[in-house]
Amino acid sequence: MNAGEQPLLRVAGLNRSYGSRVACADIAFELYPGEILAVVGESGSGKTTLLNCIAGRLRPDRGSVEYDIRDSGLRDIWQLAEAERRMLARTDWGYVQQNPRDGLRAAVSAGANIGERLMLVGARHYGAIREQSAGWMARVELDAERIDELPTAFSGGMQQRLNIARNLVTHPRLVFMDEPTASLDVSVQARLLDLLRNLSAELQVAAVIVTHDLAVARLLAQRMLVMRGGVVVEDGLTDQVLDDPQHPYTQLLVTSVLRAA
Amino acid sequence: MTTAAGYNFGYLDEQTKRMIRRALLKAVAIPGYQVPFGSREMPLPYGWGTGGIQVTAAVIGAEDVLKVIDQGSDDTTNAVNIRRFFARVTGVRTTERTTEATLIQTRHRIPETPLKDGQILIYQVPIPEMLRWLEPREAETRTMHALAEYGLMHVRLYEDIAQHGHIAATYDYPVVVNERYLMRPSPIPKFDNPKMHRSPALQLFGAGREKRIYAVPPYTAVRSLDFEDHPFEVQRWDACCALCGSRDSFLDEVITDDRGGRMFTCSDSDYCRNRREAGHAPAVTASEVSA
Amino acid sequence: MTENIIKINGLYKSFTLHNQGGVRLPILHDVSLNAERGECVAINGPSGTGKSTLLRCIYGNYRTARGSIRVKRDQQWIDVAAATPRQILQLRADTIGYVSQFLRVIPRVPAFDIILAPMLAAGIAVAAARARAAELLERLHIPSRLWTLPPATFSGGEQQRINIAHGFSVTRPVLLLDEPTSALDSENRMAVMQLIREARERGVAVLGIFHDAEVRDAVATRILGIDLQGQLREQ
C-alpha cells in the first residue's frame, strides 16, 4: 500500500434518476487497487443502481466514472467505445450477481462456464482451457472431477463459487458484487465469505460489494459507504462506521442488527 | 419466353425482386453479414425453402439453367416441386446436371462436382443466427456480430468435446467468412464446409421465416472454427457407395430390409449417376457391406 | 534514546445518540499525551471514563471531534484525527498494533493462521512467520491440538491469548493494549508481561489499560489517570 498510488476507480458527481425518482445523487468516491468497498443500505437506497452505473451496465445521467485502464490510465468508462467497455467488463472486471443462475450459462458444463472468458479473449487450446477451468474449480473448493457437469447439478453455494471462478479466470483487478451471499443458506454464506476473503487477499483484487448485511461488510471490506434515498450519508473505514456511527441512519442500522451469541 | 399467365417472370413482382436484389448486393458487399429483407408470403409453407425460392426468383433470368437439390438429390419431393414451380413461373430450362446449371438451389448439401466461375449456389436456411444456441437475446447477438465477439461459439465447441470427446456437431457447423463474420452455413454436413472455402461460385443464403439474406462472394475465405488441439475434420466412411464405388463423396445410409440390412450410397444423385455412366462400380457388393 | 512517537493534543470525544433523543455523551475532555519509544504508559481510571475510547481514537476506530492525535510513521507525523481511511490503514499495517479485549472470530480460519496473517501481510517469510507463531502459542500455553482449529469454540481465556499472540506477532512501533490479561491465569499473565517487556526493549511505545494492579505496576513505566470528567493527569 503506497500513499502515492493512483486510484483504480474514481467516481465523481454521479447522478441517476428513474423519471422523477432519484436513485443516485452526487455520489463520489475513490477505490484503490486491492481495496474492498462495501456499499450498504436498505432496499431502494440506490446501491444497486450505483453498482450498475460504475460497472458499465447502466449509463448515469451525470457525472464521471473513471477507471485506471491498463496502459492508458484513468478514463471515463462512459466515454469509451462500447467495444472497449465490453472488453473491460470481460477481462479486467468481474460481476457477481445475487443469484448465481443469472451469471452462469445453464446449458453448458462447469468447465465451459469457467473457460468462457478465456475463449472470449482468444484462447483456442481445449486442453489448456480445461486445465485452467479445473484449477479454478479447485481454488473455489469445488471438486474438479465434476468439471463436465451442468451448473444445475450443483447446490446454490457451489453455483455461486462457480460464478466467482468464472469471473476470476481472467485475473480481473476489480470485481463488482451485488449481494453475493444473500441467496445462500447461513452455513453456506460463511464458507463463501471466507473464500472471498482469502481470494481477495491472495489475488489483490479490488471489489465493490453491495450488501445489506453489515456482517458481510465487516468481514470483507476495509471501507464502506452508507446509502439512503440515493445519497451517501456516511463513509469511512468499515470498523469506524460500524463502531462509531455518526449519522442517525447509520446508528439505526447498526443498532438494528440482531446479534446471535 | 413462356411463363404462366397472370404472373410476373419469376413469380415475384418487380418491386419485391428489386428489394431482394438490394439486400443481396449488400450481403455480397459484407460477406457473411445477415441482411434483413422483407420476406414475402410464398405458395408453400415456411420451412420448405421460402427463403431460397425468393433469392432464386430475384436473380433468375431467362437464360439461366436451374438445378434444385434436396439432401443432394434431384428427385426428392421438395426438389421436384421447386424445380417444377420455377419451370412454370419462368419457363427456364431445368437440369439435374451440376455442370450444366447456372443456378443451383439447395437444401442441406453442396454438390460433389466442384462448382465453376459464374455458377450461383442458393441455400435454403432455416435459422440464420449461429449464436442463438447460447445467447437467446437478439440485441445481444447483433452486438456480438458488430464487435466480432465470437468467443461464445467456442464455448459450444468446448462443450461438445467435453461431453463427447470430440466436436460432435456434424452439420450446420460454424464458419467465419472472410475472417470477419461468424456464419451459419445452413444444415449442410460439415463434410461440405471445405467446399465453401474460396469457391469460384457465388453462394447466396435465404432465410424466409427469419427474413435474413447473407452471402459468400466467389473466392472468399471460409474457415471452420476449431481448437488447436481438436482441429476441424470432416466425416469419413469405412464403406464406399454401393452403386458407384465412390470413396470421396458424402454417403447416405439406406435401410434395405427389416433385418438390419443396409447400404451406403452417394447423397449426390447426379454425381453418382455420372460415375456409373463413366463405368465406375463398387469394389464390394451391397450385401457384403451390410454383413 | 528518547524519541516521541505519539503526540495527542487537546483531544475531545463525545457520542451523540440520534435514536435516543439526540442525547450527547461527553467522554474525553481536552486530553493531551505524549509517548516515547520504549515506554509503557498505563491508562488508569474508574470504568466508563473513556480509557478504551482513548485507545480506539488512537487506532482510528473512533472518530475524534476536536484535537489531534499525531503518530510518527517513517519520520513523518500523521494526524489520525484528520487522516484519510487509507492513511489509517497504512498506520495499522506497519505502525500501530492493537490488542482488544475480545477476539473477533472469523469463521473457518484456524488459530495458527490468524496469528500468521499479520506477519505474512508484513512480508515476513513463511518459515520465519510459522516459527514465530509457534513460539507465541507455546509461550501462551495454547495446547498444540488447538492450533489448527478455528477459535470460535475456544474458551474466553484461550480466545484472549490467541488475540494477544496475533497482536504481538509483528513488531509495530506503537502497541495499544485494552485489558489484555483480564481473563488470564497468573501463568499466562506472566507470559504477557514478559511479551510487553520484550516489546519495550525493541523500542515499542506501549499504551495500555490494565485492570490488574499487579500487572500494571510490573509493566508500566508511567501511569496516567483519567478522571470522571474525562481529563488525563499523571499519577
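**Exercise 1. Find the residue of chain B that forms a salt bridge with Arg90(A), and describe the interface around the pair.**

Solution. Arg90(A) forms a salt bridge with Glu149(B), and their closest N and O atoms are 2.9 Å apart. The criterion is a side-chain nitrogen of Lys or Arg within 4 Å of a carboxyl oxygen of Asp or Glu. This is a predicted model, in which local features need pLDDT of at least 70 and side-chain atom pairs count only at pLDDT 80 or more, while totals for chains, interfaces and linings use all residues; side-chain values use heavy atoms, with hydrogens and water left out, residues are numbered from 1 along each chain as its sequence is written, and chains are lettered from A and ligands numbered from 1 in the order in which they are written.

Step 1, salt bridges and polar contacts. Across the interface of chain B and chain A there are four salt bridges. The interface also has 13 residue pairs in polar contact, both residues at pLDDT 80 or more. A polar contact is a pair of N or O atoms within 3.5 Å; within protein, one must be able to donate a hydrogen and the other to accept it, and residues adjacent in sequence count only if both atoms are side-chain atoms.

Step 2, elements. Helices α4 (138–146) and α5 (151–164) of chain B each supply at least two residues of the side that touches chain A. The largest share of that side, nine residues, comes from α5(B). Helices (H or I, at least four residues) and strands (E, at least two) are DSSP runs, numbered from the N terminus.

Step 3, area. Chain B and chain A bury about 1900 Å² between them, with 60% from carbon and sulfur atoms. Buried area is the accessible area (1.4 Å probe) that two parts lose on being put together, summed over both. Glu149(B), Val155(B) and Tyr158(B) supply 29% of the area that chain B buries against chain A, more than any other three residues.

**Exercise 2. State how many residues of chain C and of chain A are in contact, and which residues of chain C supply 33% of the area it buries.**

Solution. Step 1, contact. With heavy atoms within 4.5 Å as the criterion, 22 residues of chain C touch 30 residues of chain A.

Step 2, area. The two chains bury about 2300 Å², 49% of it on carbon and sulfur atoms. Arg63(C), Arg86(C) and Arg108(C) supply the 33% of chain C's buried area against chain A, more than any other three residues.

Step 3, pairs. Chain C and chain A share four salt bridges. One of them joins Lys13(C) to Asp244(A), with the closest N and O atoms 2.6 Å apart. Helix α2(C) gives the most to the side of chain C that touches chain A, with six residues.

**Exercise 3. Give the strand order of the open four-stranded sheet in chain C.**

Solution. Step 1, order. The order is β2-β1-β4-β5, with antiparallel pairing; two strands pair if DSSP finds at least two bridges between them. The edge strands are β2 (23–36) and β5 (76–79), each pairing on one side only.

Step 2, one pair. Five bridges join β1 (residues 4–17) to β4 (residues 66–73) of chain C. Tyr12(C) stands opposite Arg66(C) in β4(C).

**Exercise 4. Explain why the salt bridge of Arg173(A) and Asp68(A) ties together parts that are 105 residues apart in sequence.**

Solution. Step 1, distance. The closest N and O atoms of the pair are 3.9 Å apart.

Step 2, location. Arg173(A) lies in the loop between α6 (156–168) and β7 (174–178) of chain A and Asp68(A) in strand β4 (residues 62–69), so the pair links parts that are 105 residues apart in sequence.
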